[in-house]
Amino acid sequence: MEPARIARIFSAFAKANPHPETELLAPNPYCLLVAVVLSAQATDVSVNKATAALFASVQTPEAMLKLGEVGLKNHIRTIGLFNTKAKNVIALSARLVEEYGGRVPTTREALITLPGVGRKTANVWLNCVLGEATIAVDTHVFRVANRLGLCRTRTPEATEAALEKAIPARFLRHAHHWLILHGRYICKARKPLCERCPVAAECAYVASAKIKTKTKAAPAGVRPSSSIRRKRRA
Ligand code: SF4
């Protein structure tokens with residue numbers, strides 16, 4: 001996609017929402033890391049419901065270890081994969097206490113060694129807490145980026161690399177939040193709300209749909225197919 005179109009897309013996102021933020025609620029960086037781990041394959045709304053009571057009493061890795069795996073499961077059993085996630089949160093809390101003095105490390109290299117923390121989780125945390133211009137590719141970012149035509153990719157890693165290269169530096173800090181929120185509320189997986197989309201004029205998906213529609217309508221002067229001609233003669 002031409003750089004000017006990409007700039008127009010992100011200018012429109014920035015105009016509509018100048019300061020996009022994660023919808024996960026957390027009182028501090030440690031709790032945000034826990035919330036992001038819990039949010040894998042779950043909605044932010046479901047995580048916020050479960051963590052409201054959890055974070056009211058547990059805000060440090062030490063307190064999480066005191067609560068224990070069984071206690072944590074009782075808080076998060078409404079979230080998908082809660083057994084595995086509880087194990088990971090307890091294990092990562094133990095690592096933070098043992099190796100980092102109870103604080104969350106601030107590099108991607110260190111973050112991704114923590115149980116339950118992959119590249120996407122690390123990127124979300126680095127972006128939200130430290131303001132780094134990381135691109136966390138989830139299902140929404142992957143879908144929206146490919147529909148818009150910002151990239152043509154098959155994996156999250158390739159999408160992250162392509163977006164980092166294509167998006168102008170001034171938009172990178174907020175780019176993944178704009179794409180996530182756009183995918184969550186407008187460019188939905190099954191039925192994108194194109195009629196409400198602020199970047200529809202630049203969208204490759206819409207452009208290709210228009211071409212298909214035009215091709216389907218037989219223009220004047222085009223001969224009908226041979227099967228139609230046979231039916232007409234019969
Ligand atoms: S025009 Fe439609 S498909 Fe394209 S980004 Fe907007 S909502 Fe998604």
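This section describes the fold, the nonpolar core, two helices, several loop residues and the ligand surroundings of a predicted model.

The secondary structure of the protein chain consists of 12 helices and 0 strands. Read from the N terminus, the elements therefore follow one another as α-α-α-α-α-α-α-α-α-α-α-α, in agreement with the DSSP runs of H or I with at least four residues that define helices here. The chain has 234 residues, of which 33% count as buried. When contacts between residues at least 6 apart in sequence are considered, 60% of them join residues at least 24 apart.

The largest nonpolar core contains 54 residues. Within this core, L32, L33, V34, A35, V89, W125 and A145 touch the most other members. Two or more residues are given to the core by each of α1, α2 (29–38), α3 (44–57), α4 (61–76), α5 (82–100), α7, α8 and α10. The greatest contribution is that of α2, which gives 9 residues. In soluble globular proteins, nonpolar side chains tend to be buried together.

Helix α10 covers residues 169–185, a total of 17 residues. At 1.5 Å a residue, a span of 24 Å is expected for α10, and the end C-alpha atoms are 25 Å apart, which agrees. The helix nevertheless bends by about 55 degrees at A175. The residue at the bend, A175, is itself buried, as are H174, H176, H177, W178, L179, I180, L181, H182 and G183 of α10. The elements covering the buried residues of α10 include α1 (3–16), α7 (119–130), α8 and α9 (156–166).

Helix α7 has 12 residues, and at 1.5 Å a residue it should span 16 Å; the separation of its end C-alpha atoms is 16 Å, in agreement with this value. Its buried residues are K120, T121, A122, N123, V124, W125, N127 and C128. One of these, W125, is also among the core residues that touch the most other members. The buried residues of α7 pack against α2, α6 (108–111), α9 and α10. After α7 comes G131, which has a positive phi near 75 degrees.

The loop between α7 and α8 also holds T134. This residue is classed as buried because 22 other C-beta atoms lie within 10 Å, where 20 or more are required. Apart from neighbours within four places in sequence, T134 is in contact with N123, L126 and N127. Of these contacts, N123 and N127 belong to the buried residues of α7. T134 is also brought into relation with α10: its C-alpha atom and that of H174 are separated by 8.7 Å, although the two residues are 40 residues apart along the chain. H174 is in turn one of the buried residues of α10.

Two further loops contain residues with positive phi values. In the loop between α2 and α3, Q41 has a phi near 55 degrees, a positive value in a residue other than glycine. Q41 counts as exposed because it has 10 C-beta neighbours inside 10 Å, and exposure is assigned at 12 or fewer. In the loop between α4 and α5, L81 likewise is a residue other than glycine with positive phi, here near 60 degrees. With 13 C-beta neighbours inside 10 Å, L81 counts as partly exposed.

The loop between α4 and α5 also includes I79. In contrast to the partly exposed L81, I79 is buried, with 21 other C-beta atoms within 10 Å. Not counting residues up to four places away in sequence, I79 touches L38, A42, S46, V47, A50 and K85. The C-alpha atoms of I79 and K49 are 9.4 Å apart in space, while the two residues are 30 residues apart in sequence.

The ligand is surrounded by 13 residues, the closest being C187, P192, C194, C197 and C203. The shell around the ligand is made up of 12 nonpolar residues, no polar residues and 1 charged residue. At least two residues of this shell are supplied by each of α8 (139–148) and α11 (204–216). Helix α8 thus recurs in several settings: besides its part in the ligand shell, α8 gives two or more residues to the largest nonpolar core and is among the elements covering the buried residues of α10.

Conventions:
Residues numbered from 1 in each chain as written. Predicted model: local features only at pLDDT ≥ 70, side-chain atom pairs only at ≥ 80, totals over all residues. Near = placed C-beta within 6 Å. Nonpolar A, V, L, I, M, F, W, Y, C, P; charged D, E, K, R; others polar. Expected span 1.5 Å × (residues − 1). Bend = angle between axes of the 7 residues up to and from the residue. Contact = placed C-beta atoms within 7 Å. Core = buried A, V, L, I, M, F, W, Y, C linked by C-beta atoms within 7 Å.
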